[in-house]
Amino acid sequence: MGGKSSQPVSPPPLLEDNWRTIQWGCKENYLPFVKDYQPHNTELLELRILLHGPAGSGKSSFINSVDSLLQGRITGRALVDAVSHDSFTTEYKTYKIQKGEPGTFYPFAFTDIMGLEKDTNKGVGVEDIKLAMRGHIKDGYKFNTLSTISEDDCHYNNNPTLNNKVHVLVCVVPANTIHLLSDETVKKMRDVRLAARDKEIPQLAILTKIDEACPEVKRDLRNVYKSKSLKKKSNCSNLDGGIQHVTGYSTELHLSCEELPLRDHHR
Ligand SMILES: Nc1nc2c(ncn2[C@@H]2O[C@H](COP(=O)(O)OP(=O)(O)OP(=O)(O)O)[C@@H](O)[C@H]2O)c(=O)[nH]1
Ligand SMILES: [Mg+2]
């Protein structure tokens with residue numbers, strides 16, 4: 001009695017060992033796969049990778065990072081908001097990545113769309129994303145938050161080919177605010193993922209803003225796969241089921257390019 005009460009010792013935020021193996025500083029080991037990648041289906045000119053997720057989650061930033069990495073310089077083609085709030089990207093836009101000579105491109109492209117928002121009449125509509133996945137939306141379409149694209153819109157593609165369809169769906173989730181996602185937003189994400197599952201479109205998820213989610217990672221990005229909190233978040237407990245692969249990046253991390261989450265799913 002009367003002695004000093006000992007302060008509770010908080011558990012260390014980092015695990016001893018990485019929960020996922022990564023070779024740092026070895027991009028030369030990974031880049032040849034990306035550089036030599038060719039779709040197995042010869043009718044496919046390019047693999048279309050569609051990014052979806054909450055507004056401000058880092059979709060456009062991710063595209064810029066991959067583009068910068070492969071170009072070997074900062075490109076910043078997909079416009080990014082200086083501060084994340086309501087949907088910044090408003091158009092359906094596909095980014096091809098130049099490979100070598102001007103006019104030559106990698107056989108994959110990223111399609112950037114408007115972000116999902118909590119309210120019914122804000123952000124991209126789930127029906128528009130479903131139509132985009134089936135190849136019905138042409139580049140340049142400006143999303144209307146109040147209504148789905150109509151069949152007589154000049155950006156509506158009535159006869160989508162294999163090349164217009166989405167081949168890989170990427171769900172971009174912000175690690176720092178994943179626990180704050182509203183039920184409405186989570187439901188919209190789930191609806192998109194279920195539609196992709198029904199179409200047998202391979203899916204993966206990317207955790208962004210990991211630097212904002214874990215101070216140890218902000219201090220040193222190489223702590224990413226030791227971070228207990230990120231390990232927990234990567235299980236995406238509020239994004240139940242359906243995601244086949246979860247990986248974690250921040251803008252800084254993919255700029256420093258340790259690997260690319262491209263898998264040859266489309267055969
Ligand atoms: N700290 C940190 N900030 C990031 C990261 N990724 C993106 N951001 C910032 O988050 C903000 C939103 O990024 P965007 O790439 O515009 O997000 P978006 O998903 O395209 O947003 P919408 O187009 O509005 O749907 C910008 O200020 C980015 O600089 C990250 O990994 N870490
Ligand atoms: Mg954007």
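The questions and answers below walk through a predicted model of a protein chain with its ligands.

Me: Which helix of the protein chain has the lowest mean pLDDT?
Reply: This is a predicted model, and its protein chain averages a pLDDT of 84, with 85% of the residues scoring at least 70. Over residues 240-267 the pLDDT is below 50, although this stretch has 88 contacts in the model beyond near neighbours in sequence. Among the elements, helix H3 (residues 126-133) has the highest mean, 98, while the lowest, 37, belongs to helix H8 (residues 251-255).

Me: How many helices and strands does the protein chain have?
Reply: Read from the N terminus on, the elements run α-β-α-β-β-α-β-α-β-α-α-α-β-α. In total, the protein chain has 8 helices and 6 strands.

Me: Which residues are the protein donors of the magnesium ion (ligand 2)?
Reply: The donor atoms are an OG and an OG1, lying 2.0 to 2.2 Å from the ion. One donor lies in helix H2 (residues 59-71) and the other in the loop between H2 and strand E2 (93-98), so the pair ties together parts that are 29 residues apart in sequence. The protein donors are Ser 60 and Thr 89.

Me: Are these donors, Ser 60 and Thr 89, buried or exposed?
Reply: A residue counts as buried when its relative accessible area is under 20%. Ser 60 has a relative accessible area of 8%, and so is buried. Thr 89 is at 17% relative accessibility, and so it too counts as buried.

Me: Which residue forms a salt bridge with Asp 67?
Reply: Side chains of opposite charge can pair when their charged atoms come close. In this salt bridge the closest N and O atoms are 3.1 Å apart, and the pair links distant parts of the chain, with Asp 67 in helix H2 and its partner 10 residues away in the loop between H2 and E2. Asp 67 is buried, with a relative accessible area of 2%, whereas the partner counts as partly exposed at 39%. That partner is Arg 77.

Me: In which helix do Glu 216 and Arg 219 both lie?
Reply: Glu 216 and Arg 219 form a salt bridge, the closest N and O atoms being 2.7 Å apart, and Arg 219 is exposed, with a relative accessible area of 61%. The two residues are 3 apart, about one turn of the helix, and both lie in helix H6 (residues 215-219).

Me: How many salt bridges does the structure hold?
Reply: One of them is the pair of Lys 118 and Asp 119, whose side chains meet at 3.7 Å, N to O. Lys 118 counts as partly exposed at 46%, as does Asp 119 at 36%. The structure holds 8 salt bridges.

Conventions:
Residues are numbered from 1 along each chain as its sequence is written. Chains are lettered from A and ligands numbered from 1 in the order in which they are written. This is a predicted model: local features need pLDDT of at least 70, side-chain atom pairs count only at pLDDT 80 or more; totals for chains, interfaces and linings use all residues. Side-chain values use heavy atoms; hydrogens and water are left out. pLDDT is the predictor's confidence in each residue, from 0 to 100. Helices (H or I, at least four residues) and strands (E, at least two) are DSSP runs, numbered from the N terminus. Contact means heavy atoms within 4.5 Å. Donors are N, O and S atoms within 2.8 Å of the metal (3.2 Å for Na, K and Ca); water is not among the atoms, so sites may look incomplete. Buried means under 20% relative accessible area, exposed over 50%, partly exposed in between (1.4 Å probe, protein chains only). A salt bridge is a side-chain nitrogen of Lys or Arg within 4 Å of a carboxyl oxygen of Asp or Glu.
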